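Biologist: Could you walk me through the charged pairs in this one? Let's have it on screen before we start.

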Amino acid sequence: MSNSKIKSTHARRVWDSRGRPTVEVEVTLNYNACGRAIAPAGASTGTGEAVENRDGGEAFGGLGVENSIAAVNGEIARALKGRDASDQTAIDKVLIDLDGTADKSRLGGNAMIATSMAVAHACAAARKVPLWRSLHDQENAPEPPFLPLPEIQIFGGGAHAGGRVDIQDYMVTAVGAATFAQALDWTADVYRAAAGLMNEAGRSHGVADEGGVWPDFDDNEQPLDMLVRAIEAAGLRPGRDMAISLDIAASQFGVKGRYRLAREDRTLDSDGLSGMLVDWVERYPIVAIEDPMSEGDKEGMVRFTWAVGKRVQVIGDDFLVTSASRIRAAARDGACNAVLIKPNQAGTLSETRAALEAARKAGFGAIVSARSGETEDVTIVHLAVGWGVDQLKVGSITRGERTAKWNEGLRIADQLEGDLFGGRLPPRARFPWRASG
Ligand code: PGA
Ligand code: ZN
């Protein structure tokens, strides 16, 4: 009897970091190797993402997941029984065919990604290796494994902080750090400095959904000045040691090329927003900007990439939704030069891997990313290391669902015997500020 045949698949309801129900799946193989994974959930979702299966109705404000759980325990469990867990592509194809919809709305992207990831974990358990190594061993031409460069939130805004500022993520990335551990050390110093400065100024209102300071700013640029001050207060050099990275999440405030900056009581067109961001790139040590335009504003995205794509990462999240075909189209059009890789946007691990492959072929940078609704699940860290992805975005350096990921990275760094990017950072990521700084 093969030890990689699936014996059972079981789902249960667990809780995410916003106190909402979500799906956990456990896959058990013959000889009892077991893998478990939990589906995360976004708040600022792209319309092209795999659709979650939520119950609607009264319970949990309509966010119940009983239908997803029934789907896993019923038809998914039956379809996977006896299948070879080591053939992830075939497993995911069973899920995709069983669902039968283009957007995964029948079974639900949440049920499907939790199952798909649990299968990968079970497989690693059967091989008696960590998931990152199991994935790394399956790479065709494996490079030595390394840790990704963290991108970490300091201020949360947009849909994650009641719209207090219009822009969603003000982040830092330790472009000058020599190791993963050092990148976290430096970020913790910057976070502490930023929180202190914010408290002094009476502008802190606790923490936002992803653990960054929930800020009170008068406009969308003040957080950038505050970030630079915090980096300096931490004894680091802005741009050389620690750079700034932004997720504009423009789909949240832009419709049909009109961008409403409520905090500043003004509305910009696509060129106006682009001009504002280009100006920021000129004046602040910014190395990456995600979703600078709304998901429907392709022309705006192309123009923005043309304007600053040689100097900063222009990252597609809502715009690309971890879709290989969208990444190929964006590369053809000249929109974006990097992509956020979120497994639950794609809905299965194989499709997530295909998106990464498309990004590599296009010469795009890649950042594996968590969602704003998270749990203690650490699968994404293993994907980043196992697949050799340069960057990782998890939210802030506070709150357990975030530190679960960073701490898992530290454990993997120990397993790698010699922390991480070890001289090879950044292999494909482009950080011109660092190069010229
Ligand atoms: P989300 O936010 O999980 O709410 O989509 C994360 C992001 O936009 O990158
Ligand atoms: Zn985003």
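Modeller: One term before we begin: buried means under 20% relative accessible area, exposed means over 50%, and partly exposed is in between. Keep in mind that this is a predicted model.

Biologist: Okay, then is D218 buried, partly exposed or exposed?

Modeller: The relative accessible area of D218 is 42%. Partly exposed covers values between the 20% and 50% cut-offs, so D218 counts as partly exposed.

Biologist: Which residue does D218 form a salt bridge with?

Modeller: Look in the loop between α5 (180-200) and β6 (204-207), 15 residues away from D218. The residue there is partly exposed too, at 21% relative accessibility. The closest N and O atoms of the pair are 3.1 Å apart, and the partner is R203.

Biologist: Now D169 and K393: how many residues apart in sequence are the parts that this pair ties together?

Modeller: Their side chains meet in a salt bridge, 3.1 Å from N to O. D169 lies in strand β5 (residues 169-173) and K393 in strand β16 (residues 391-395), so the parts tied together are apart in sequence by 224 residues.

Biologist: And is K393 buried or exposed?

Modeller: Its partner D169 is at 1% relative accessibility and counts as buried. K393 has a relative accessible area of 5%. Under 20% is the cut-off, so K393 is buried.

Biologist: How many salt bridges does the count come to?

Modeller: Besides those pairs, E401 forms one with R402, and R12, E24, E26 and R36 are linked in a network. The count of salt bridges comes to 33.

Conventions. Residues numbered from 1 in each chain as written. Chains lettered and ligands numbered in written order. Predicted model: local features only at pLDDT ≥ 70, side-chain atom pairs only at ≥ 80, totals over all residues. Heavy atoms only, no water. Salt bridge = Lys/Arg side-chain N within 4 Å of Asp/Glu carboxyl O. Helix = DSSP H or I, 4+ residues; strand = E, 2+ residues; numbered from the N terminus. Buried < 20%, exposed > 50% of the residue type's maximum accessible area, 1.4 Å probe, protein only.
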